[in-house]
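This report sets out how selected strands and helices are arranged, and what surrounds the ligand.

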Amino acid sequence: MLQTYDVLVIGTGPVGLVAALGFAKAGMRVALVGPADAVKRDGRTVAILDGSVKLLNTLGCWDVIRPFSAPLSHMRIIDDTGSLFRAPPVTFKASELKLDAFGYNVELADLVSCLSDFVSNETRIERFDTRVSEFTSNEGGTVSAYLASGETLSAHVVIGADGRKSSVRSFAKINTKEWSYPQTALTAKFKHQRDHHDISTEFHTRQGPFTLVPLPNKHSSLVWMMGPTKAERLSNVSDRALTEAVEKQAHSILGEMSLVGDRGVIPMAGLRVEKFSTDHIALVGEAAHVFPPIGAQGLNLGFRDVASLLGAFKNRRGAEALSAYNSTRQADVKLRTAAVDLMNKSLLADYLPIDLARSIGLLTVASIPPLRRFMMQRGAGH
Ligand SMILES: Cc1cc2nc3c(=O)[nH]c(=O)nc-3n(C[C@H](O)[C@H](O)[C@H](O)COP(=O)(O)OP(=O)(O)OC[C@H]3O[C@@H](n4cnc5c(N)ncnc54)[C@H](O)[C@@H]3O)c2cc1C
């Protein structure tokens, strides 16, 4: 039987869940499609920056998520490339922006689980724990989605929150540019002897950043970007061998460490889309943009997509709202994708003039107060 909704959201990652909640709170009848158990507990965390906290607050979710998170009150960058032209360590403080924290770090699995509970309690959302296998366009301007479980759903507006291999994007025939980096991110969670004092520490190494991000109760998450061969090796060594390698790379700043739970291995890639919408479809989150995890930008950008989309539907409907959404996302997404790409490539370059430029850039940002505040505000998602 064909069931018709105001909005069909495809994808049950954090961005799809937030999009479904946002449209339901705006009074629309929403169908949400995607597997319920898609997120693994592999030490992957996300730093939710100030702008995203505001969105989650508006949706009424933040007070429930907050206890699972640790505040990031300081961000420390240490040049560990071994280059002749190394910038001295730089620490940015949230208090300089009159904020308690730049953001809050939470395990992705905890975030998704909290958001899923909110979705279950929202009467305007009907959730389908399955995948879409096919889409068709209908006369009268609706789109139908055929589910692997046998149902067919239709709506005037379909939101593709179905991640980097988005089938919504393919159906909409939106052109993409995709690229890869010679890096893989190793993720894991550690308990440690010393307090992290709510400081996130990013060591810039020649193979990419090695970042320790605070979690509650003397725990931290690790995102270690490195060449694929080394990542493959470290993903298979014993817990003890991995912990030793991490302690060494961290120059023991957190004292003795012990691994908690599984590790994740994610090859680094980039993707950008020619446009964010068509007459009936909008892309949000990693369906619309992918880049390496530098500066905690990916999910925060995805949440900003949702905020823009909800804003576009405030006084408009259908194709007009979707076109407005496309216009508002172009500049922000292009800027973040280019900035992360540039920073990542400058680390990989191993070329003295580029090291010099990177160091001067960081020192300039750190030592000129208005520029420093501007960069921190941009980094915090303002
Ligand atoms: C190591 C690492 C660290 C990161 N740290 C940060 C950080 O600190 N801050 C930050 O902002 N970002 C961070 N990011 C980025 C962030 O994790 C992603 O941007 C975010 O998780 C993407 O969420 P999403 O909902 O767009 O996509 P996904 O989480 O990929 O969700 C897509 C969903 O769609 C579903 N799906 C796919 N196909 C179908 C289909 N046909 N039918 C139905 N459902 C379908 C999938 O099952 C999945 O549930 C990090 C990324 C990495 C790799």
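The sections below take up the basis of the model, its sheet, the ligand shell and two helices.

## Basis and conventions

The model is predicted, with local features requiring pLDDT of at least 70 and side-chain atom pairs counted only at pLDDT 80 or more, whereas totals for chains, interfaces and linings use all residues. Residue numbers start from 1 along each chain, following its sequence as written.

Helices (H or I, at least four residues) and strands (E, at least two) are DSSP runs, numbered from the N terminus. Strands are said to pair if DSSP finds at least two bridges between them. A residue is called buried if 20 or more other C-beta atoms, placed from the backbone, lie within 10 Å of its own, exposed if there are 12 or fewer, and partly exposed in between.

## The eight-stranded sheet

An open sheet of 8 strands follows the order S6-S5-S13-S14-S15-S12-S16-S18, and its pairing is mixed. Strand S6 (90-93) and strand S18 (289-290) stand at the edges with a single partner strand each, so one side of each lacks a neighbour in the sheet. Strand S16 (residues 257-273) runs antiparallel to S18 and is joined to S18 by 2 bridges, with Arg272 standing opposite His289 of S18.

## Strand S15 and its partners

Strand S15 (residues 219-226) has 8 of its 8 residues buried, so S15 is largely enclosed by the rest of the structure. In a regular strand the side chains alternate between the two faces of the sheet. In S15, His219, Ser221, Val223 and Met225 point one way, while Ser220, Leu222, Trp224 and Met226 point the other way, and all are buried.

Strand S12 (residues 176-192) pairs with S15 in the antiparallel sense over 8 bridges, and Leu186 has Trp224 of S15 as its bridge partner. Strand S14 (residues 208-215) is also antiparallel to S15, with 6 bridges joining the two; S14 and S15 form a hairpin with 3 residues between them, where Asn217 in the turn has a positive phi of about 55°. Val213, which lies in S14, stands opposite Ser221 in S15. Val213 counts as buried because it has 25 C-beta neighbours inside 10 Å, and its C-alpha atom is separated by 8.5 Å from that of His196, 17 residues apart along the chain.

## The shell around the ligand

Of the 34 residues around the ligand (those whose C-beta atom, placed from the backbone, lies within 6 Å of it), Gly11, Gly13, Gly163, Gly285 and Gly298 come nearest. Helix H1 (14-25), strand S3 (45-49), S12 and helix H8 (298-312) each supply at least two residues of this shell, and the largest share, 4 residues, comes from H8.

By class, the shell divides into 17 nonpolar, 13 polar and 4 charged residues, where Ala, Val, Leu, Ile, Met, Phe, Trp, Tyr, Cys and Pro count as nonpolar, Asp, Glu, Lys and Arg as charged, and the others, Gly among them, as polar. At least three shell residues come from each of domain 1 (2-43 + 108-178 + 271-348) and domain 2 (63-107 + 180-269 + 352-379), with bounds taken from an automatic or database domain assignment.

## Helices H1 and H4

H1 is mostly covered, with 11 of its 12 residues buried, among them Pro14, Leu17, Leu21 and Phe23. In helix H4 (residues 108-120), the buried residues are Leu108, Leu111, Val112, Cys114, Leu115, Phe118 and Val119. Seen down the axis of H4, these residues fall within an arc of 160° (taken over the directions from the helix axis to the C-beta atoms), so they line one face of the helix.

Definitions and conventions:
Expected span 1.5 Å × (residues − 1).
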